[in-house]
Amino acid sequence: MSRKKLPDKNFQWTPELAYIIGLITTDGSLSKDGRHIVIVSTDLLLLEDCQKNLPFPTKITNKLPGSFSKKKTYKIQFSNVQFYKWLLKIGLFPNKTYTVDVLNIPYKYFRDFLRGHLDGDGDITVYTDYYNTFKNKKYIFKRIYTRFTSASQNHILWLRKIIQKLTGINGHINHWLRKDRIFPQWRLRFAKKESLKLLNWLYYSNDIPCLKRKRAIFDQFVVLEQIRSRDKNLN
């Protein structure tokens, strides 16, 4: 007896689901069988939060380290034909790493999607800049950068276009070729002023899904900037 074909289903967009789509876009994959989806991460807490927000039950298992990660890795793998087909409709597909392009993400939920994208293949970096101390010992500055990475140039260009439209900030795109890769990696980077505006937009509430350790980098930087500004005004 043949299995009854399930009707297509449109899943209801929420901030939580949009965030998960961001993770699937970066750290996830769609199997060729038309039903299985996998999300992989070295951060167990991230997957536990993801598990809570998925619209159906899943389980987390250990994944042996592969060629791209020597750390202990975890994965969520689940099977849902209707969700799989819905992901295809919004622009995701198997073997998407180098060819993922424009995704059909509602503007209302784009920042939630982008926060998932950041937690997947992005990073927030803070460092102390001593470059101009040879001119003056007081020329020490704290810098913050926010970066989104993809092996697909078209996808990075699309991210930038939507971020420009919704926030008015531009960022800078560059690319490089790793020795162990055939295709270049593309990166959309935001320096200090634009990073602060972008991250304030992404972290718009205290109870939204996010990778806590990345958010903490931003929160700590903001506190340090407030202290620096206060001390400067006092002097």
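This passage describes two helices, a set of salt bridges and a nonpolar surface patch in a predicted model.

Helix α3, which spans residues 81–90, is mostly covered, since seven of its 10 residues are buried. These buried residues are Val-81, Gln-82, Phe-83, Tyr-84, Trp-86, Leu-87 and Ile-90, and they pack against the helix α1 (15–27) as well as against the strands β1 (28–30), β2 (36–41) and β4 (73–79). The N-terminal end of α3 is capped by Asn-80, a side-chain oxygen of which lies 3.2 Å from the backbone nitrogen of Gln-82. Just after the helix, Gly-91 adopts a positive phi of about 120°.

Helix α2, formed by residues 44–53, has Leu-46, Leu-47 and Cys-50 as its buried residues. When the helix is viewed down its axis, these buried residues fall within an arc of 90°, and they therefore line one face of α2. The face turned away from this buried side carries Leu-45 and Lys-52, both of which are exposed. On the buried side, the residues of α2 pack against α1, β2, β3 (60–63), β4 and α4. As with α3, a residue caps the N-terminal end of the helix: in α2 this residue is Asp-43, with a side-chain oxygen 3.1 Å from the backbone nitrogen of Leu-45.

The model contains six salt bridges, among them a pair that involves α2. In this pair Lys-212 is joined to Asp-49, and the closest N and O atoms are 3.5 Å apart. The two residues belong to distant parts of the chain, because Lys-212 lies in helix α7 (residues 212–234) and Asp-49 in helix α2, with a separation of 163 residues. Lys-212 has a relative accessibility of 53% and so counts as exposed, the cut-off for that class being over 50%.

Another of the salt bridges brings together the side chains of Lys-192 and Glu-225, with a distance of 3.0 Å from N to O. Since Lys-192 lies in helix α6 (residues 192–202) and Glu-225 in helix α7, this pair ties together parts of the chain that are 33 residues apart in sequence. The two partners fall into separate classes of exposure: Lys-192, with a relative accessible area of 23%, is partly exposed, whereas Glu-225, with a relative accessible area of 14%, is buried.

A further salt bridge is found within α7 itself, where Arg-215 pairs with Asp-219 and the closest N and O atoms are 3.8 Å apart. These residues both lie in α7 and are four residues apart, which corresponds to about one turn of the helix. Arg-215 counts as buried, at 11% relative accessibility, while Asp-219 is partly exposed, with a relative accessible area of 34%.

On the surface of the model, Tyr-98, Ile-182 and Phe-183 make a nonpolar patch of about 350 Å². Of these residues, Tyr-98 is located in the loop between α3 and α4 (110–121). Tyr-98 has a relative accessible area of 37% and is partly exposed; this value passes the limit of over 30% that is required of patch residues, and Tyr-98 can therefore be counted in the patch although it does not reach the class of exposed residues, which begins at over 50%.

Terms used. Residues numbered from 1 in each chain as written. Predicted model: local features only at pLDDT ≥ 70, side-chain atom pairs only at ≥ 80, totals over all residues. Heavy atoms only, no water. Patch = residues over 30% accessible without salt bridge, like charges linked within 9 Å, V, L, I, M, F, W, Y side chains within 5 Å. Areas by Shrake-Rupley, 256 points an atom, 1.4 Å probe, with all protein chains shown as cover. Salt bridge = Lys/Arg side-chain N within 4 Å of Asp/Glu carboxyl O. Buried < 20%, exposed > 50% of the residue type's maximum accessible area, 1.4 Å probe, protein only. Contact = heavy atoms within 4.5 Å. Polar contact = N/O pair within 3.5 Å; in protein donor to acceptor, adjacent residues only side chain to side chain. Arc of directions from axis to C-beta.
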